Amino acid sequence: MTVKAIGAPAADKPFEPLAITRREPGAHDVAIKIAYCGVCHSDLHMARDEWGGALYPCVPGHEIVGHVTAVGAHVTKFKVGDTVGVGCMVDSCQHCPSCEEGLEQYCTGEGSFTGTYNAPTPDAPGYTMGGYSESIVVSENFVLRVNHKPEQLAAAAPLLCAGITTWSPLRHWNAGPGKKVGIVGIGGLGHMGVKLARALGAHTVAFTTSESKREAALALGAHEVIVSKNEDEMAAHAGSFDFILNTVAASHNLDPFVALLKRDGTLTLVGAPEHPHPSPAVFNLIFSRRSIAGSLIGGIAETQEMLDFCAEHGITSDIEMIAASQIDEAYDRMLKGDVRYRFVIDSATLG
Ligand code: NAP
Ligand code: ZN
């Protein structure tokens, strides 16, 4: 089936309308008409080939929500009309130790997991194309149920990446009552991190480089806000954090954040900048047995757990809806930090 999409024809070219092919649903597949798709900074990194290896035309988008239009003969979990989501993965080996533990994002099977865009697939054109499109066909094991109210659907889309990418490390490192948790970078991921850390019961501190986000971060649920460029503000919190989650999309000095950790505290990186961070200072780590860690999205089971938690607690993303034709402008604004806090494409505008 041919469907409408938008894609980048090359790293340095604006997006353009495309017609792309979706496979006919197989026995275990779910066909989804996409209602909305969030715009993640990873989409920008990939479309502009900042990580290398991008394939063109590139159709990004891995914060997909919509409705089921058809199911294969062996599909048991979904039926036509269901409200569903698709995140960053559309397949994995399903039998390596990580997949068996429900951590498909760390699949060690051949070729690892299949990303929603720019990953090898037997389907034409040989690599996956994402959610900046009218519809998608996905194995039922990688389809999530979205229980939010219909009017919350667009604002639920960013949970499929920004939500799970912050939820998974917050849960893994036990953010909750009695813990002091920092979230660095109040963009798409970071604003979800603040909302989720607060909802999990942690004392939540937002770190921003933008003085203008001070009040806004409190409104998102932060108990405290630190403008990270202000050394005195930073110094007042030295050695006090159990956990800090860093979502910043650009290379920067990690040492000022490591210095804020307690003994045995962890700074976890989820931001994936084009250029590496400067090497951290060793003494900052060894004298307090501190750790620097990384974390990748989240597994399917924990994504469902996060979506259900958010539906129950009325948690969504703060979004700005855009038409498909505004995507280049949206990327430029995202680079300037000029988004509160996630752009979402209305798929009805694909033409
Ligand atoms: P975003 O909306 O652009 O937010 C990034 C935030 O980082 C900005 O709003 C800004 O917050 C802060 N920042 C500080 N200095 C910056 C600079 N020089 N350039 C850019 N940002 C700067 O991006 P996002 O969608 O949240 O994604 C953040 C990063 O996470 C990206 O690198 C993305 O690829 C990565 N990511 C990783 C995973 C994973 O699984 N690990 C999943 C999704 C995305 P302040 O204004 O508050 O300082
Ligand atoms: Zn993403």
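Four exercises with worked solutions follow, all on a predicted model.

**Exercise 1. The zinc site**

Identify the protein donors of the zinc ion (ligand 2) and state which parts of the chain Cys40 and His62 tie together.

Solution.
1. The zinc ion (ligand 2) has three protein donor atoms to find: SG of Cys40, NE2 of His62 and SG of Cys161, which lie 2.0 to 2.2 Å from the ion.
2. Written as a sequence pattern, the donor residues are spaced C-x21-H-x98-C.
3. Place two of the donors: Cys40 is in the loop between β3 (29-39) and α1 (41-47), and His62 is in the loop between α1 and β4 (64-71), so this pair links parts 22 residues apart in sequence.
4. Check exposure against the cut-off for buried, under 20% relative accessible area. Cys40 has 2% and is buried. His62 has 7% and also counts as buried.

**Exercise 2. Helix α4 and its surroundings**

Determine how many residues of helix α4 (residues 162-172) are buried, and which elements they pack against.

Solution.
1. Nine of the 11 residues of α4 are buried, and the helix is mostly covered.
2. The buried residues run through Ala162, Gly163, Ile164, Thr165, Thr166, Trp167, Ser168, Pro169 and Leu170.
3. Their packing partners are the strands β10, β13, β14 and β17 (342-346), together with the helices α5 (188-199) and α10 (300-313).
4. After α4 comes Asn174, with a positive phi near 60°.

**Exercise 3. The neighbours of strand β13**

Find which strands pair with β13 and in what direction they run.

Solution.
1. Begin with β13 itself (residues 241-246): five of its six residues are buried.
2. Strand β10 (residues 180-184) is joined to β13 by four bridges, and the two run parallel. Within this pairing, Ile183 has Leu245 of β13 as its bridge partner.
3. Strand β14 (residues 261-269) is joined to β13 by five bridges, again in parallel. Here Ile244 is partnered by Leu267 of β14.
4. β13 is thus bridged to β10 and to β14. Both of these strands, and β13, are also among the elements that the buried residues of α4 pack against.

**Exercise 4. The second largest pocket**

Describe the volume and lining of the second largest pocket.

Solution.
1. The pocket holds about 390 Å³ of space.
2. Its lining consists of 27 residues, and those closest to the centre are Arg23, Val90, Thr121, Asp123 and Thr128.
3. Sort the lining by character: 13 residues are nonpolar, eight polar and six charged.
4. Trace the lining to strands: β2 (16-21), β6 (89-91) and β8 (135-139) each contribute at least two residues. The largest share, four residues, is from β8.

Conventions: Residues numbered from 1 in each chain as written. Chains lettered and ligands numbered in written order. Predicted model: local features only at pLDDT ≥ 70, side-chain atom pairs only at ≥ 80, totals over all residues. Heavy atoms only, no water. Buried < 20%, exposed > 50% of the residue type's maximum accessible area, 1.4 Å probe, protein only. Pairing = 2+ DSSP bridges. 1 Å grid on protein atoms, 1.4 Å probe; cavity = no way out; pocket = protein on both sides within 12 Å on 5 of 7 lines; lining within 4 Å. Points joined across faces, edges and corners; volume = space filled by probe spheres on them. Nonpolar A, V, L, I, M, F, W, Y, C, P; charged D, E, K, R; others polar. Donors = N, O, S within 2.8 Å, 3.2 Å for Na, K, Ca; no water. Contact = heavy atoms within 4.5 Å.
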